[in-house]
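Work through these exercises with the structure open beside you. Try each task before you read its solution.

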Amino acid sequence: MKKMPIVAGNWKMNKLPSEVISFVDEVTKLVLDIRSVSVIFAPPFTGLFEMNVKPPFYAAAQNCHWEESGAFTGEISIPMIKDCGVDYVIVGHSERRHVFGETDEWINNKVRGLLSYGLNPILCIGETIDERKSGETALVLKDQLEKGFDSIDNIRDCIIAYEPVWAIGTGVTATIEQVQIAHTVIREIIGKNYGIGNDVHILYGGSVNSDNAKDLIQTKGVDGFLIGGASLDANSFASVIRTVEEVQENRK
Ligand code: PEP
């Protein structure tokens, strides 16, 4: 049996704390009977405290700081996140890398910090359109993986999200072939470096919605999705979850 797919919703800077409970309730009611998909909600930090979910539903933070505490105005530490009952943390999202200038070194600090607290990093990697056009996609993925996982022996508790920068929030989805090639490259690298290529979830992210989810989830090497825009609407998000559930059930 294949490992349980994951559908994660990254709300980015959307939804008020007072909207969290009703939204999560709405989604969970729509997919109450699922048994073959894990669902992760990633609200802004202000919503994390409101989250109260049980498996197969989980909470994620969208970012963290690696230091335990101290003079880091505006930052949120890993123990603070853990205290909210969170299991997963998105790290190295393209908006963090490209809008806020996060470096691979910071991202690696975050991954190491999270693992030391028993939390699961969702490490986002992906090429820009210029890097793709100049044939550097595989090199970029290798570089981001190796730097993100630097000094980590065991990445079993990590999730990787392949998110081509040009497909995030643009309505442009990578083709099935592009996704399959990228996921194969990633799996080969982690197989070679850590010997556990098949055990690690590799999610696809980039304009996933209820129309393209079925084709994408059936793509070889895709173990689920990281979704931005379509995760903000309960019906759209539930529809993607249900699609993944049906495909997974048919595989059994
Ligand atoms: C994301 O924010 O990680 C993402 C993939 O966004 P969208 O689904 O809107 O492209």
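Helices and strands here are DSSP runs, at least four residues for a helix and at least two for a strand, numbered from the N terminus. Keep in mind that this is a predicted model.

**Exercise 1. Locate P56 and describe the peptide bond that leads from P55 to P56.**

Solution. Start with the place. P56 lies in the loop between α2 (45–48) and β3. Now look at the bond. From P55 to P56 the peptide bond is cis, and its omega is near 10°. Compare this with the general rule. Most peptide bonds are trans.

**Exercise 2. Find where S151 sits, and give the sign of its phi.**

Solution. First find the loop between α7 (137–148) and β6 (159–162); S151 is there. Next read the angle. Phi of S151 is near 65°, so the sign is positive, in a residue other than glycine. Again, recall the rule. Most residues other than glycine have a negative phi.

**Exercise 3. Classify the aromatic pair of W66 and W106, and say which parts of the chain it links.**

Solution. Begin with the total: the structure holds eight aromatic pairs. One of them joins W66 and W106, with 6.1 Å from centre to centre and 45° between the planes. Planes under 30 degrees apart count as stacked, and those over 60 as edge-to-face. The angle of 45° fits neither group, so this pair is tilted. Last, trace the chain. W66 is in the loop between β3 (57–61) and α3 (78–83), while W106 belongs to helix α5 (residues 104–116). The two are 40 residues apart, and the pair links distant parts of the chain.

**Exercise 4. Describe the surroundings of the ligand: which residues, which contacts, how much cover?**

Solution. Take the shell first. There are 14 residues around the ligand, and K12, E163, G169, S207 and G228 come nearest. Sort the shell by type: four nonpolar, eight polar and two charged.

Then list polar contacts made by oxygen atoms of the ligand:

- H93 offers a side-chain N or O atom at 2.9 Å.
- G169 offers a polar backbone atom at 2.6 Å.
- G229 offers a backbone N or O atom at 2.8 Å.

Now the cover. On its own the ligand has 290 Å² of accessible area, and the protein covers 96% of this. Finish with the site: the ligand takes the space of the second largest pocket.

How values were computed: Residues numbered from 1 in each chain as written. Predicted model: local features only at pLDDT ≥ 70, side-chain atom pairs only at ≥ 80, totals over all residues. Heavy atoms only, no water. Near = heavy atom within 4 Å. Polar contact = N/O pair within 3.5 Å; in protein donor to acceptor, adjacent residues only side chain to side chain. Areas by Shrake-Rupley, 256 points an atom, 1.4 Å probe, with all protein chains shown as cover. 1 Å grid on protein atoms, 1.4 Å probe; cavity = no way out; pocket = protein on both sides within 12 Å on 5 of 7 lines; lining within 4 Å. Sits in = over half its atoms within 2 Å of the grid points. Nonpolar A, V, L, I, M, F, W, Y, C, P; charged D, E, K, R; others polar. Phe/Tyr/Trp six-rings, centres within 6.5 Å; stacked < 30°, edge-to-face > 60°.
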